[in-house]
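User: Please take a close look at one part of this model and set it in the context of the whole fold. A single connected account is preferred.

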Amino acid sequence: MKHVRTKSILVVLSLCFVTPIVVAIQDKPRVTAGFGVFGAVDKGQISTIKLGYEFMPWEEYWGIRPLMQIMVNDYGAYYASIGLSKEFKIVARWPKWRWGMMTSIGYYHEDSNDNTDELGHEVEFYTAIMASYKLNTQSSIRIELGHISNGGIGNQNPGSEAVLVTYLASF
């Protein structure tokens, strides 16, 4: 029993020194690049690339991180937006794993000469849940499940689901 208590104390002390380092690395600004599909649950899946910049978290606002992103699909439509994201630790024994959510508002433009489904308005909202895995001190990989729609401000609101895999590089 004495050895178990000693090992437990050593583990707790180790986590006290390691956790601030992991959190400090997570708090750096990040550049993101990813790919995936929109229309993930529809028959018309559309390949998409995503580029973005995530600012340092606002510690005074619960660590919420401002972001900018642009998504372009293979038909030439694009969505440029600004938004917010928040990440959380999953459990202490999996320090490399995090989960989170994001939301953004932006401008959607679709080339009228293509065969894609119109999203119903130029103003679109994007929300997503995500899980990320820390590859090393400077990079992570993330999978996100998202939804884009105009929130009912247009005459039609078909919306679309997305599945994206994103690489994050801190600097």
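Analyst: A strand here is a DSSP run of E of at least two residues, and strands are numbered from the N terminus. In that numbering, residues 65-73 form strand β3, and Q69 lies in this strand. The account below centres on β3 and on the parts of the chain that meet it.

The model is predicted. Mean pLDDT for the protein is 84, with 81% of residues at 70 or more. Residues 1-25 are a low-confidence stretch: pLDDT stays under 50 there, and the model has 7 contacts beyond four places in sequence for these residues.

As for the overall fold, the secondary structure consists of 1 helix and 8 strands, in the sequence order α-β-β-β-β-β-β-β-β. The strands make a closed barrel of 8, running β1-β2-β3-β4-β5-β6-β7-β8 with antiparallel pairing. On average, neighbouring strands of this sheet are turned by 25 degrees against each other, direction ignored. The barrel includes a pairing between β1 (residues 30-38) and β8 (residues 160-170), which are antiparallel over 9 bridges. In that pairing, G34 faces T166 of β8. Of the contacts between residues at least 6 apart in sequence, 51% join residues at least 24 apart.

Now to Q69 itself. Q69 is buried because its relative accessibility is 6%, below the 20% cut-off. Its side chain makes a polar contact of 3.0 Å with the side chain of K50. Beyond four places in sequence, Q69 also touches L51 and G52, then Y79, A80 and S81, and finally M102, S104 and Y126, in addition to K50.

Several of these partners can be placed in named strands. K50 and G52 are among the residues of β2 whose side chains point to the buried face, whereas L51 belongs to the other face, which is not buried. The remaining members of the buried face of β2 are I46, T48 and E54, while S47, I49 and Y53 point the other way. Y126 comes from β6 (residues 123-134), where it sits on the covered face together with E124, A128, M130, S132 and K134. The uncovered face of β6 carries V123, F125, T127, I129, A131 and Y133.

The strand next to β3 on the β2 side is joined to it by 7 bridges, and the two run antiparallel. Within this pairing, Y53 stands opposite M68 of β3. On its other edge, β2 is joined to β1 by 9 bridges, again antiparallel. There, F38 has I46 of β2 as its bridge partner.

I46 also connects to the last residues of β3. N73 lies in β3, and its contacts outside four places in sequence are I46, S47 and T48. Why does N73 count as buried? Its relative accessible area is 14%, which is under the 20% cut-off. A polar atom of the N73 side chain lies 2.8 Å from the backbone nitrogen of Y75.

Ahead of β3 in sequence is the loop that follows β2 (46-54), and G63 is located in this loop. G63 is buried, since its relative accessible area of 15% is under 20%. Setting aside neighbours within four places, its contacts are P57, W58, S85 and K86. G63 and S85 are separated by 22 residues in sequence, with 8.9 Å between their C-alpha atoms.

Y126, a contact of Q69, leads to the surroundings of β6. β6 pairs in the antiparallel sense with β5 (residues 97-109) over 11 bridges, and G106 stands opposite E124 of β6 in that pairing. β6 also pairs antiparallel with β7 (residues 139-149), over 10 bridges. Y133 has I141 of β7 as its bridge partner, and a hairpin of 4 residues connects β6 to β7.

For the protein as a whole, 36% of the 171 residues count as buried. Its accessible surface is about 10,300 Å², and 67% of that belongs to carbon and sulfur atoms.

In short, β3 holds two buried residues described here, Q69 and N73. Q69 has a side-chain polar contact with K50, and N73 has one between its side chain and the backbone nitrogen of Y75.

Conventions: Residues numbered from 1 in each chain as written. Predicted model: local features only at pLDDT ≥ 70, side-chain atom pairs only at ≥ 80, totals over all residues. Heavy atoms only, no water. pLDDT = per-residue confidence, 0-100. Contact = heavy atoms within 4.5 Å. Buried < 20%, exposed > 50% of the residue type's maximum accessible area, 1.4 Å probe, protein only. Polar contact = N/O pair within 3.5 Å; in protein donor to acceptor, adjacent residues only side chain to side chain. Pairing = 2+ DSSP bridges. Axes fitted to C-alpha atoms, helices over the stretch in contact; angles between N-to-C directions. Areas by Shrake-Rupley, 256 points an atom, 1.4 Å probe, with all protein chains shown as cover.
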